[in-house]
Amino acid sequence: MNEVEQLKEIIASSDNIVFFGGAGVSTESGIPDFRSVDGLYHQKYDYPPETILSHTFYMSKTEEFYRFYRDKMLCLTAKPNAAHLKLAEWERQGKLKAVITQNIDGLHQAAGSREVLELHGSVHRNYCRKCGKLFDAKYILDSKGIPTCDACGGQIKPDVVLYEEGLDDETLRKSIQYISEADVLIIGGTSLAVYPAAGLIDYYRGNKLVLVNKSATPMDKRADLLVQGSIGEIFSQI
Ligand SMILES: [Zn+2]
């Protein structure tokens with residue numbers, strides 16, 4: 001039995017699956033991964049993406065932050081791929097409890113997933129730092145310079161976890177709970193190099209840890225099933 005067949009069998013026999021996904025889930029929808037070799041690192045900017053997407057940079061060079069953000073982070077035309085759709089289907093069938101994601105593009109919700117824990121926030125939520133009014137991503141995309149609140153004139157900040165910022169406590173707490181109670185934990189499209197997200201895996205207590213990734217990860221030895229390849233292609237076979 002090959003790996004995909006084994007994964008099929010694991011999925012078929014569980015009703016308590018939790019999925020943990022990284023940038024690789026979104027790259028197949030055309031969203032660039034700024035950590036990957038093919039990603040934004042190799043494009044020309046005055047600063048590396050990690051600097052621009054930091055709290056300090058946002059506070060001190062806000063206009064430059066938004067120039068990059070609008071250009072590179074707001075991919076509002078991207079569509080869910082086979083992996084997003086399959087996860088939403090498993091949730092509807094009562095097999096999957098939650099999707100925990102490091103992505104900020106909202107594609108899981110677009111595919112129909114309901115319980116989505118966004119560790120790094122979402123480009124679809126933006127709030128006024130003065131009055132708290134919420135704005136969608138299109139408002140940011142259509143704005144010029146630094147986007148401001150149409151109610152009070154305050155500065156708007158994306159609800160995205162920037163470098164130097166901590167993860168949301170409630171999102172983290174729920175993620176830990178789902179992972180610690182999961183029967184099957186599938187990790188896909190992530191190199192598992194980013195702390196603290198990578199540390200969440202330690203809360204899993206089951207014996208069906210499935211890793212789906214194109215390249216090797218530091219967690220490969222701990223996996224009960226290792227499936228190498230593109231997550232969209234693999235999930236579309238299940
Ligand atoms: Zn306001």
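**Entry 1: Glu164**

I looked up Glu164 in this predicted model and found that the residue is exposed, because its relative accessible area is 57% and the cut-off for exposed is over 50%. I located Glu164 in the loop that runs between β6 (156–160) and α9 (169–181). I then read its backbone angle: phi of Glu164 is positive, near 85°, although the residue is not a glycine. I noted for comparison that most residues other than glycine have a negative phi.

**Entry 2: Helix α6 and its ends**

I turned next to helix α6, which covers residues 82–92. I asked myself which residues of this helix are buried. I recorded Ala83, His84, Lys86, Leu87, Ala88, Trp90 and Glu91 as buried. I recalled that an α-helix has 3.6 residues a turn, so residues three or four places apart point the same way.

At the N-terminal end of α6 I found Asn81 acting as a cap. A side-chain oxygen of Asn81 lies 2.8 Å from the backbone nitrogen of Ala83. After α6 comes Gly94, and I read a positive phi for Gly94, near 80°.

**Entry 3: The zinc site**

I asked which residues coordinate the zinc ion. I found the SG atoms of Cys128, Cys131, Cys149 and Cys152, at 2.3 to 2.4 Å. Along the chain, these donors follow the spacing C-x2-C-x17-C-x2-C.

I then asked why the arrangement around the zinc ion is tetrahedral. The four donor atoms subtend angles of 96 to 117°, and four donors count as tetrahedral if all angles lie between 85 and 135 degrees. The arrangement is therefore tetrahedral.

I also checked whether two of these cysteines are buried or exposed. Cys128 has 2% relative accessibility and counts as buried, because the cut-off for buried is under 20%. Cys131 has a relative accessible area of 44% and is partly exposed.

**Entry 4: Tyr139**

I found Tyr139 in helix α8, residues 137–142. At 27% relative accessibility, Tyr139 counts as partly exposed. Leaving aside neighbours within four places in sequence, I listed Thr148, Cys149, Asp150 and Ile156 as its contacts. Cys149 is also one of the zinc donors.

I followed the side chain of Tyr139 towards the backbone. I found that it reaches the backbone oxygen of Thr148 at 2.8 Å and the backbone nitrogen of Asp150 at 3.5 Å. I also looked up the separation of Tyr139 from Phe235, which is 96 residues away along the chain. Their C-alpha atoms are separated by 34 Å.

**Entry 5: The two domains**

I noted that the chain is divided into domain 1 (1–31 + 80–120 + 166–238) and domain 2 (32–74 + 125–160). The contact takes eight residues from domain 1 and seven residues from domain 2. Taken over C-alpha atoms, 27 Å separate the centres of domain 1 and domain 2.

I then asked how much area domain 1 and domain 2 bury between them. The value is about 560 Å², with 63% of it on carbon and sulfur atoms.

**Entry 6: Glu118**

I placed Glu118 in strand β3, residues 116–118. I asked whether Glu118 is buried or exposed. At 10% relative accessibility, Glu118 counts as buried. The side chain of Glu118 is joined to that of Gln109 by a polar contact of 3.1 Å. Leaving aside neighbours within four places in sequence, I found Glu118 in contact with Thr101, Gly106, Gln109, Arg125 and Thr171.

**Entry 7: Ser14**

I found Ser14 in the loop between α1 (3–12) and β1 (17–21). At 4% relative accessibility, Ser14 counts as buried. A polar atom of the Ser14 side chain lies 3.1 Å from the backbone nitrogen of Asn16. The side chain of Ser14 also makes a polar contact of 2.7 Å with the side chain of Asp183. Beyond neighbours within four places in sequence, I listed Lys95, Asp183 and Val184 as contacts of Ser14.

**Entry 8: Leu226**

I ended with Leu226, which is found in strand β9, residues 225–228. At 39% relative accessibility, Leu226 counts as partly exposed. Leaving aside neighbours within four places in sequence, Leu226 is in contact with Glu3, Leu211 and Asp220. I also looked up Leu226 and Asn213, which are 13 residues apart in sequence. From C-alpha to C-alpha, Leu226 and Asn213 are 8.2 Å apart in space.

Conventions:
Residues are numbered from 1 along each chain as its sequence is written. This is a predicted model: local features need pLDDT of at least 70, side-chain atom pairs count only at pLDDT 80 or more; totals for chains, interfaces and linings use all residues. Side-chain values use heavy atoms; hydrogens and water are left out. Donors are N, O and S atoms within 2.8 Å of the metal (3.2 Å for Na, K and Ca); water is not among the atoms, so sites may look incomplete. Four donors count as tetrahedral if all angles lie between 85 and 135 degrees; four count as square planar and six as octahedral if opposite donors are over 155 degrees apart and all others between 65 and 115; anything else is irregular. Buried means under 20% relative accessible area, exposed over 50%, partly exposed in between (1.4 Å probe, protein chains only). Helices (H or I, at least four residues) and strands (E, at least two) are DSSP runs, numbered from the N terminus. A polar contact is a pair of N or O atoms within 3.5 Å; within protein, one must be able to donate a hydrogen and the other to accept it, and residues adjacent in sequence count only if both atoms are side-chain atoms. Contact means heavy atoms within 4.5 Å. Domain bounds come from an automatic or database domain assignment. Buried area is the accessible area (1.4 Å probe) that two parts lose on being put together, summed over both.
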